[in-house]
Amino acid sequence: MPFVNEFIPAEEVAKYQLEEIDSKFVSNGTRARDWTIDRERDIYLRNVAIGGGAEPELRNRTSWTLYWHGDLIFLRLDLISGGEESDGVGCSQWKLMWLNGSNGLPPHLKEQQTQIFSDLKEALTAYKSFGIYSRDWLGYRVILEIDEACVI
């Protein structure tokens, strides 16, 4: 089953300890009750905080959790650009700024980084422009860059 955008069922809020996760994001926290999930692969992506302020470099900062096969990974993704291309396909360009603060992946996941980034890009593609609230596009493309200062 591919990734889907959906409202989070109440029983899964407790299962994944989402209220505890939300408490880590007091400033600009979203308290999001929707996510992009692939239950068969035990992976979800959830936007937990958005940037504030008028400046694009602050406004476009977003914090996410990527639950990947039992491991919770905290991400900062900056939205570089987004919109609709001339062919009617939606597009977002993201830059991964850090993983787990600036600590990178836990040691036991380092060998899995290629698969983790592939799954992240797939989840962002399903997320489209705004998860469950995204408009219907003819298709969607995601460009995912990794910042040169990002510790993997």
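In what follows, a residue is called buried when its relative accessible area is under 20%, exposed when that area is over 50%, and partly exposed in between. The structure described here is a predicted model, and by this criterion both Trp-64 and Trp-94 are buried in it.

**The sheet and its helix**

The framework against which these two residues can be placed is an open sheet of 7 strands with mixed pairing, in which the strands follow the order S1-S2-S3-S4-S5-S6-S7. Strand S1 (4-7) and strand S7 (140-146) are the edge strands, each of them pairing on one side only. From one strand to the next, the twist averages 35°. Helix H4, which covers residues 113-127, lies across S1, S2, S3, S4, strand S5 (71-84), strand S6 (90-99) and S7, and it runs at about 140° to S7.

Strand S3 (residues 43-50) can be followed on both of its sides. Strand S2 (residues 34-38) pairs with S3 in the antiparallel sense over 3 bridges, and within this pairing Ile-37 stands opposite Tyr-44 of S3. S2 and S3 form a hairpin that has 4 residues between the two strands, and Asp-42, which belongs to the turn, has a positive phi of about 60°. Strand S4 (residues 61-68) also pairs with S3 in the antiparallel sense, here over 7 bridges, and Leu-45 stands opposite Leu-66 in S4. Of the 8 residues of S3, 7 are buried, so this strand is largely enclosed by the rest of the structure.

**Aromatic pairs**

The count of aromatic pairs in the model comes to 10. One of them is formed by Trp-64 and Trp-94, whose rings meet edge-to-face, at 5.6 Å centre to centre and with 90° between the planes. Because Trp-64 lies in strand S4 and Trp-94 in strand S6, the pair ties together parts that are 30 residues apart in sequence. Trp-64 also pairs with Tyr-127: the ring centres are 4.9 Å apart and the planes stand at 80°, so this pair too is edge-to-face. Here the link runs between distant parts of the chain, from Trp-64 in strand S4 to Tyr-127 in helix H4, 63 residues apart. Trp-64 has a relative accessibility of 1% and therefore counts as buried, and Tyr-127, with a relative accessible area of 9%, is buried as well.

Elsewhere, ring pairs link Tyr-16, Trp-35, Tyr-44 and Tyr-67 into a cluster. Tyr-44 is the residue of S3 that stands opposite Ile-37. A ring with a charged neighbour is found at Trp-137, where Arg-135 lies over the face of the ring, at 4.3 Å from the ring centre.

**Gln-93 and its surroundings**

Gln-93 lies in strand S6. With a relative accessible area of 17%, which is under 20%, Gln-93 is buried. Its side chain makes a polar contact of 2.4 Å with the side chain of Glu-145. If residues up to four places away in sequence are not counted, Gln-93 touches Asp-78, Leu-79, Ile-80, Ser-81, Ile-143 and Glu-145.

**Positive phi outside glycine**

His-69 and Asn-100 are set side by side below, with the phi angle, place and accessibility of each.

| Residue | Phi | Place | Relative accessibility |
|---|---|---|---|
| His-69 | near 50° | loop between S4 and S5 | 40%, partly exposed |
| Asn-100 | about 50° | loop between S6 and H4 | 16%, buried |

For His-69, phi has a positive value in a residue other than glycine, and a relative accessibility of 40% places His-69 in the partly exposed class. Asn-100 likewise has a positive phi although it is not a glycine, but with a relative accessible area of 16% Asn-100 is buried.

Conventions:
Residues numbered from 1 in each chain as written. Predicted model: local features only at pLDDT ≥ 70, side-chain atom pairs only at ≥ 80, totals over all residues. Heavy atoms only, no water. Buried < 20%, exposed > 50% of the residue type's maximum accessible area, 1.4 Å probe, protein only. Pairing = 2+ DSSP bridges. Axes fitted to C-alpha atoms, helices over the stretch in contact; angles between N-to-C directions. Contact = heavy atoms within 4.5 Å. Phe/Tyr/Trp six-rings, centres within 6.5 Å; stacked < 30°, edge-to-face > 60°. Lys NZ or Arg CZ within 6 Å of the ring centre and 35° of its normal. Polar contact = N/O pair within 3.5 Å; in protein donor to acceptor, adjacent residues only side chain to side chain.
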